[in-house]
Amino acid sequence: MAELIDGRLIAKELRAAVKAQVEVLQGYNVVPGLAVILVGDDPASEIYVRNKGRAAEKVGVDAQTIRYAADLSEAEVIAKIAELNADPAIDAILVQSPLPEHMNEQHIQEAISPEKDVDGFHPENVGKLFANRHGFFPVANTPRGVMTMLHHEHVELAGKNAVVVGRSVLVGTPMFALLQRENATVSLLHKYTPDALRHQLLRQADIIVVATGVPELIKAEDVQPGAVVIDVGINRMEDGHLVGDVDFAAVEPIAGKITPVPGGVGPMTIATLLETTVELAAQHHDVTLEAGWQNI
């Protein structure tokens with residue numbers, strides 16, 4: 001049976017490390033500031049934003065949620081972002097997705113200063129990632145959280161064969177770049193990848209990261225014995241129970257390490273968001289901090 005990678009435990013350890021970083025910043029009279037903009041009344045977004053606020057408070061991050069009605073204009077959101085960009089008390093800005101249909105998400109993302117882009121979606125930060133630039137800059141929090149999990153579990157990446165399934169800008173594409181930065185040989189699979197090629201590449205993979213939104217897409221025959229399997233997907237079935245993008249019951253006996261759903265990657269996203277917020281605050285105030293994941 002595979003060794004379970006406990007995302008809840010790793011996230012707890014990361015939050016403790018981030019809290020310690022905040023205490024260091026407080027010695028310099030710095031309180032990290034996070035602004036979250038929520039447009040509309042999407043129930044899932046409300047829960048997620050509430051959870052972010054609670055988690056921020058526990059580690060000492062000053063988080064504020066700015067709520068707007070769904071009929072707000074795109075120009076008004078961009079104007080608020082400009083105000084936050086200029087506010088020295090705000091180190092990190094996040095606009096919660098999904099946005100109302102009349103808004104262009106790319107325009108909103110590009111309005112956020114790259115130096116306050118806690119989600120790592122601004123083209124400048126994406127460009128730095130793919131240009132393999134050194135030094136700290138924001139990276140999408142879920143794939144960064146996956147990298148923290150792999151480091152925590154002492155998974156060797158250099159020289160390994162890694163496969164990422166799904167090429168979204170939220171997970172798959174930055175995941176591809178982050179694994180390459182760690183000197184893995186990476187294949188990026190998507191819905192146009194022929195089934196035979198997909199199966200072949202997966203069967204050769206030492207590390208598999210799946211983020212497709214397709215319930216139980218990855219089967220036992222797709223995984224070689226001993227592979228590390230990271231399941232980013234979370235899907236609610238008709239009976240209400242949650243499953244990932246990996247057929248967990250079938251793959252667990254084969255894999256070397258595997259993340260469960262729930263309790264795997266999910267808890268890492270908010271913990272990593274807080275880590276990035278604190279690092280942005282340190283950068284803005286020229287304070288050197290040891291990376292959070294190195295303390296867990």
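Biologist: How many bridges join strand E5 (residues 161-165) to strand E7 (residues 207-210)?

Modeller: This is a predicted model, in which local features need pLDDT of at least 70 and side-chain atom pairs pLDDT 80 or more, while totals for chains, interfaces and linings use all residues. Residues are numbered from 1 along each chain as its sequence is written, and side-chain values use heavy atoms, without hydrogens or water. Strands (E, at least two residues) and helices (H or I, at least four) are DSSP runs numbered from the N terminus. E5 and E7 run parallel, and Val 163 has Ile 208 in E7 as its bridge partner; the number of bridges joining the two strands is 4.

Biologist: Which strands stand at the edges of the sheet?

Modeller: The open sheet has 6 strands with parallel pairing, in the order E1-E11-E8-E7-E5-E6; two strands pair if DSSP finds at least two bridges between them. Each edge strand has a single partner strand, so one side of each is left without a neighbour in the sheet; these are E1 (3-4) and E6 (185-189).

Biologist: What angle does the direction of helix H8 make with that of E6?

Modeller: Helix H8 (residues 195-203) packs on the sheet and touches E5, E6 and E7, where contact means heavy atoms within 4.5 Å. Axes are lines fitted to C-alpha atoms, for helices over the stretch in contact, and angles run from 0 to 180 degrees between N-to-C directions. On this basis, the angle between H8 and E6 is about 150 degrees.

Biologist: At what angle do the axes of helices H5 and H7 cross?

Modeller: Lys 128, Leu 129 and Phe 130 of H5 meet residues of H7, among them Phe 176 and Arg 181. The axes of H5 (residues 123-130) and H7 (residues 172-181) come within 9 Å, and they cross at roughly 35 degrees.

Biologist: Is Gln 96 buried or exposed?

Modeller: Gln 96 lies in the loop between strand E4 (92-95) and helix H4 (105-111). Its side chain makes a polar contact of 2.7 Å with that of Lys 52; such a contact is a pair of N or O atoms within 3.5 Å, within protein one able to donate a hydrogen and the other to accept it, and residues adjacent in sequence count only if both atoms are side-chain atoms. Buried means under 20% relative accessible area, exposed over 50% and partly exposed in between (1.4 Å probe, protein chains only). With a value of 7%, Gln 96 is therefore buried.

Biologist: Which residue makes a side-chain polar contact of 2.9 Å with Thr 142?

Modeller: Thr 142 is located in helix H6 (residues 141-152) and counts as buried at 16% relative accessibility. The C-alpha atoms of Thr 142 and its partner are 4.9 Å apart, although 127 residues separate them in sequence. That partner is Thr 269.
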